[in-house]
Amino acid sequence: MPHEFLSIYPAKLMEYCLAISYLLLFIPFWRYVQGGRSEPILALRTAVPGRPELAAAAAHFKPAGAVALPRSAGAGWFHVPPGVHLHPGHTWARLDADGLVSVGIDDFAHKLVGPAAVALPALGAKVLQGEPAIALRDGGRDVPMLSPVDGTVVAVNPAANPAALEDPYGAGWLFKVEAPRLAANFRQLHADRPALRMLEDAGEALAQRMNPELGQVLQDGGTPVHGIARALAGDRWDALARELFLT
């Protein structure tokens with residue numbers, strides 16, 4: 001009887017060894033399975049730098065007819081230089097060293113409409129924040145845009161042509177004003193990270209409208225090309241632009 005009791009221990013020891021062996025074999029198998037599943041998510045996160053929540057959503061949901069929009073590595077769709085304040089209607093204002101305020105259209109507006117002529121206010125004209133001050137013109141259609149600040153126009157850019165607008169925050173400035181209420185005006189605008197976030201949100205709104213036919217106009221890894229409103233809305237591009245420019 002004592003011999004039978006003692007023989008239990010070798011049997012239990014063998015059971016424990018088998019259990020540990022199965023566990024050790026299971027761990028690499030589990031890592032392999034999880035590693036294979038995480039690759040698509042990792043690819044999406046890499047394709048949309050700085051926006052993990054968008055990548056995670058894309059990994060689980062893709063609307064019918066939508067197209068994937070990977071961004072070029074190391075860069076987003078839009079940019080906002082330091083010192084530039086954006087209006088929700090996609091114009092900008094910047095206080096210059098001479099005390100005047102330069103005004104133009106932002107990167108999103110330029111990419112949305114593409115090459116276009118610009119109707120500028122006259123010298124001496126009064127502009128009001130949130131009221132139409134300029135218009136983008138193309139194909140006989142005008143799209144008004146709002147002034148980001150209050151002021152009196154003291155200079156206009158004679159070189160504000162489609163080529164200059166390729167540099168919307170630099171050579172593509174449109175007019176300058178004396179702005180007596182600049183501090184109050186700036187409180188209604190976005191700068192730095194909030195400004196960039198505003199443009200990114202606008203880009204996401206565009207992405208939700210896209211369909212497979214738009215693939216032919218996406219270049220450079222999915223970065224929006226200039227004139228994307230026409231690709232999205234065809235002959236009604238100006239209506240889409242007015243909607244997004246709040247006019």
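How many bridges join strand β2 to strand β3, and in which direction do the two strands run? Five bridges link β2, residues 91–95, with β3, residues 101–105, and the two strands are antiparallel. One of the residues involved is Thr-91, whose bridge partner in β3 is Ile-105.

## Overview

The structure described here is a predicted model. The protein has 247 residues, and 39% of them are buried. Its secondary structure consists of eight helices and ten strands.

Among contacts with a separation of 6 or more, 65% join residues that are 24 or more positions apart. The protein exposes about 13,800 Å² of surface, and 62% of this area is supplied by carbon and sulfur atoms.

## The sheet

Strands of a sheet pair through backbone hydrogen bonds, and the pairing may be parallel or antiparallel. In this protein, seven strands make up an open sheet with antiparallel pairing. Their order across the sheet is β5-β8-β9-β3-β2-β1-β10.

At the edges are β5 (126–127) and β10 (190–191), each of which pairs on one side only.

## The nonpolar core

The largest nonpolar core contains 48 residues. Those with the most contacts inside this core are Leu-86, Leu-112, Phe-175 and Phe-245.

Phe-175 illustrates how such a residue meets distant parts of the sequence. When neighbours within four places in sequence are left aside, the contacts of Phe-175 include Val-101, Ser-102 and Val-103. Pro-121, Val-127, Ala-133 and Ile-134 are also among the residues in contact with Phe-175, as are Val-153, Ala-155 and Val-156.

## Aromatic pairs

A pair of aromatic rings is described by the distance of the centres and the angle of the planes. The structure holds two aromatic pairs. In one of them, the ring centres of Trp-92 and Tyr-169 are 6.0 Å apart and the planes stand at 50°, so the pair is classed as tilted.

Trp-92 belongs to strand β2, whereas Tyr-169 lies in the loop between β8 (151–156) and β9 (175–178); the pair therefore ties together parts that are 77 residues apart in sequence. Are these two residues buried or exposed? Trp-92 counts as buried because its relative accessibility is 0%. Tyr-169 also counts as buried, at 5% relative accessibility.

## Charges over rings

Two further tryptophan rings have a charged side chain over them. The charged end of Lys-176 is placed over the ring of Trp-173, at 5.1 Å from the ring centre. Arg-230 lies over the face of Trp-237, and here the distance to the ring centre is 4.3 Å.

Notes
Residues numbered from 1 in each chain as written. Predicted model: local features only at pLDDT ≥ 70, side-chain atom pairs only at ≥ 80, totals over all residues. Heavy atoms only, no water. Pairing = 2+ DSSP bridges. Helix = DSSP H or I, 4+ residues; strand = E, 2+ residues; numbered from the N terminus. Core = buried A, V, L, I, M, F, W, Y, C linked by side-chain atoms within 4.5 Å. Buried < 20%, exposed > 50% of the residue type's maximum accessible area, 1.4 Å probe, protein only. Contact = heavy atoms within 4.5 Å. Phe/Tyr/Trp six-rings, centres within 6.5 Å; stacked < 30°, edge-to-face > 60°. Lys NZ or Arg CZ within 6 Å of the ring centre and 35° of its normal. Areas by Shrake-Rupley, 256 points an atom, 1.4 Å probe, with all protein chains shown as cover.
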